[in-house]
Amino acid sequence: WDIDKKEVPVETPVVFRVTSHDVNHGFGVTDPSRAIVFQTQAMPGYINQVAHTFSAPGTYEVICLEYCGLAHHDMREKIEVVAKK
């Protein structure tokens, strides 16, 4: 995944623009307990836009929820949601 900002303040809207360069992917974000917060499809040639406001600090993880090939297990990224300063 290509995520520009890996640290965001709590209660701040974040817009995810999700696309793919190869095949369809299931773009999902999980909370610190590993529950799915939201999901959308990543598809070549199309941008899905999802706005989300994280309500609690913690480490959230972006994962691929749809088997997409040999590198599927490596498709992970962390987002740190921090208290506002």
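This briefing walks through a strand pairing, a nonpolar core and the cysteines of the structure above. Please keep in mind that the model is predicted. Strands 3 and 4 pair in the antiparallel sense, and each of them supplies at least two residues of the largest nonpolar core. A search of the whole structure finds zero disulfides.

**The hairpin of strands 3 and 4**

- Strand 3 covers residues 25–30 and strand 4 covers residues 36–42, with six bridges between them.
- If you would like one pair to look at, F27 has T40 in strand 4 as its bridge partner.
- Five residues lie between the two strands of this hairpin, and R34 takes a positive phi near 80°.

**The largest nonpolar core**

- This core has 15 residues, and those touching the most other members are F16, F27, V29, F54, I79 and V81.
- At least two core residues come from each of strand 2 (13–18), strand 3, strand 4, strand 6 (58–64) and strand 7 (76–82).
- Strand 2 gives the largest share of the core, with three residues.
- As general background, nonpolar side chains in soluble globular proteins tend to be buried together.

**The cysteines**

- Where does C64 stand, buried or exposed? C64 counts as buried because its relative accessibility is 8%, which is under the 20% cut-off.
- Why is the sulfur of C68 not in a bond with the closest cysteine sulfur? That closest sulfur, in C64, is 3.9 Å away, too far for a bond, because a disulfide needs the two sulfur atoms within 2.5 Å.
- C64, in turn, is in no disulfide, and its nearest cysteine sulfur is that of C68.

Methods. Residues numbered from 1 in each chain as written. Predicted model: local features only at pLDDT ≥ 70, side-chain atom pairs only at ≥ 80, totals over all residues. Heavy atoms only, no water. Pairing = 2+ DSSP bridges. Helix = DSSP H or I, 4+ residues; strand = E, 2+ residues; numbered from the N terminus. Core = buried A, V, L, I, M, F, W, Y, C linked by side-chain atoms within 4.5 Å. Buried < 20%, exposed > 50% of the residue type's maximum accessible area, 1.4 Å probe, protein only.
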